[in-house]
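Student: I've got a fold open on my screen and I'd like to learn how to read it. Can we go through it together, one feature at a time?

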Amino acid sequence: SLLYSAIRMGLLPLSLAISLFAKESVSGISRVVLTCNALFGQWTWSGEWLKPKNAENGDDHKFIKSYSLQLSVSAYLRNLNTHSSYKNFRKARTNLRNNAKPLDSLILSSHLDKYAETGSEYIEVLQKIILQNDLKDFDEARLLPSSKDLDSLI
């Protein structure tokens with residue numbers, strides 16, 4: 001299954017989304033996830049959101065707070081599908097689609113060097129998470145509909 005965003009018809013392999021979530025949220029147990037529903041560690045420079053623990057004086061960035069986990073996923077997809085920093089990511093995704101190739105999380109992750117200050121090191125970590133956990137196995141998974149949809153089937 002692929003995560004889908006209506007904005008620019010952006011698809012994302014589930015293996016890539018899981019690796020980003022695992023890296024950014026310490027597999028869902030970070031204080032940022034628990035207090036802000038911030039699954040992907042996105043930053044903002046305005047508002048009264050959660051300041052990073054290791055922020056230095058003068059650092060104005062904060063973690064974006066989402067009112068639900070679903071909104072956190074939507075904001076993350078919107079970020080990847082619209083921000084200029086991820087233009088090469090979108091080009092690579094379009095190239096794969098135009099050549100009738102599957103959306104490969106290892107190829108696409110190589111274009112996310114601007115997602116974190118560590119650049120190419122960040123890409124290496126994402127790719128290790130994908131490979132060591134066989135996450136590409138999930139790319140063909142079919143997710144069940146929501147519980148509301150299941151209720152209507154009964």
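Student: Which atom of L106 lies 2.7 Å from a polar atom of the side chain of D104?

Tutor: Before we dig in, keep in mind that this is a predicted model. The atom you're after is the backbone nitrogen of L106, 2.7 Å from a polar atom in the D104 side chain.

Student: Where does D104 sit along the chain?

Tutor: D104 is in the loop between α4 (87-98) and α5 (105-109). Leaving out residues up to four places away in sequence, D104 touches P13, L96 and K136.

Student: Let's zoom out. How many helices and strands does the protein have?

Tutor: Seven helices and four strands. Read from the N terminus, the order is β-β-α-α-β-β-α-α-α-α-α.

Student: Back to α4, then. Why does its end-to-end distance agree with its number of residues?

Tutor: Just do the ruler check: at 1.5 Å a residue, the 12 residues of α4 should span 16 Å, and its end C-alpha atoms are 16 Å apart, so the two agree.

Student: And which residues of α4 are buried?

Tutor: The general idea goes like this: an α-helix has 3.6 residues a turn, so residues three or four places apart point the same way. Now the case here: F89, R90, A92, R93 and L96 are the buried residues of α4. Looking down the axis of α4, you find them within an arc of 160°, so they line one face of the helix. Also, just after α4, A100 has a positive phi of about 55°.

Student: Which residues touch the most other members of the largest nonpolar core?

Tutor: That core has 20 residues, and the ones touching the most other members are L12, L16, L20, F89 and L112. Elements giving two or more residues to this core are α1 (14-25), α3 (69-82), α4 and α6 (120-132). The largest share, four residues, comes from α6.

Student: What does L112 touch?

Tutor: Setting aside residues up to four places away in sequence, L112 touches L16, L20, L80, Y86, F89, Y122, I123 and L126.

Student: Last one, on whole-protein numbers. What percentage of the residues is buried?

Tutor: Buried residues are 38% of the 154 in the protein. The accessible surface is about 9600 Å², with 54% belonging to carbon and sulfur atoms. For contacts, take pairs at least 6 apart in sequence: 50% of those join residues at least 24 apart.

Terms used. Residues are numbered from 1 along each chain as its sequence is written. This is a predicted model: local features need pLDDT of at least 70, side-chain atom pairs count only at pLDDT 80 or more; totals for chains, interfaces and linings use all residues. Side-chain values use heavy atoms; hydrogens and water are left out. A polar contact is a pair of N or O atoms within 3.5 Å; within protein, one must be able to donate a hydrogen and the other to accept it, and residues adjacent in sequence count only if both atoms are side-chain atoms. Contact means heavy atoms within 4.5 Å. Buried means under 20% relative accessible area, exposed over 50%, partly exposed in between (1.4 Å probe, protein chains only). Accessible areas come from the Shrake-Rupley method with a 1.4 Å probe; for residues, only the protein chains shown count as cover. A nonpolar core is a set of buried Ala, Val, Leu, Ile, Met, Phe, Trp, Tyr and Cys residues joined through side-chain atoms within 4.5 Å. The expected span of a helix is 1.5 Å times one less than its number of residues. The arc is that of the directions from the helix axis to the C-beta atoms.
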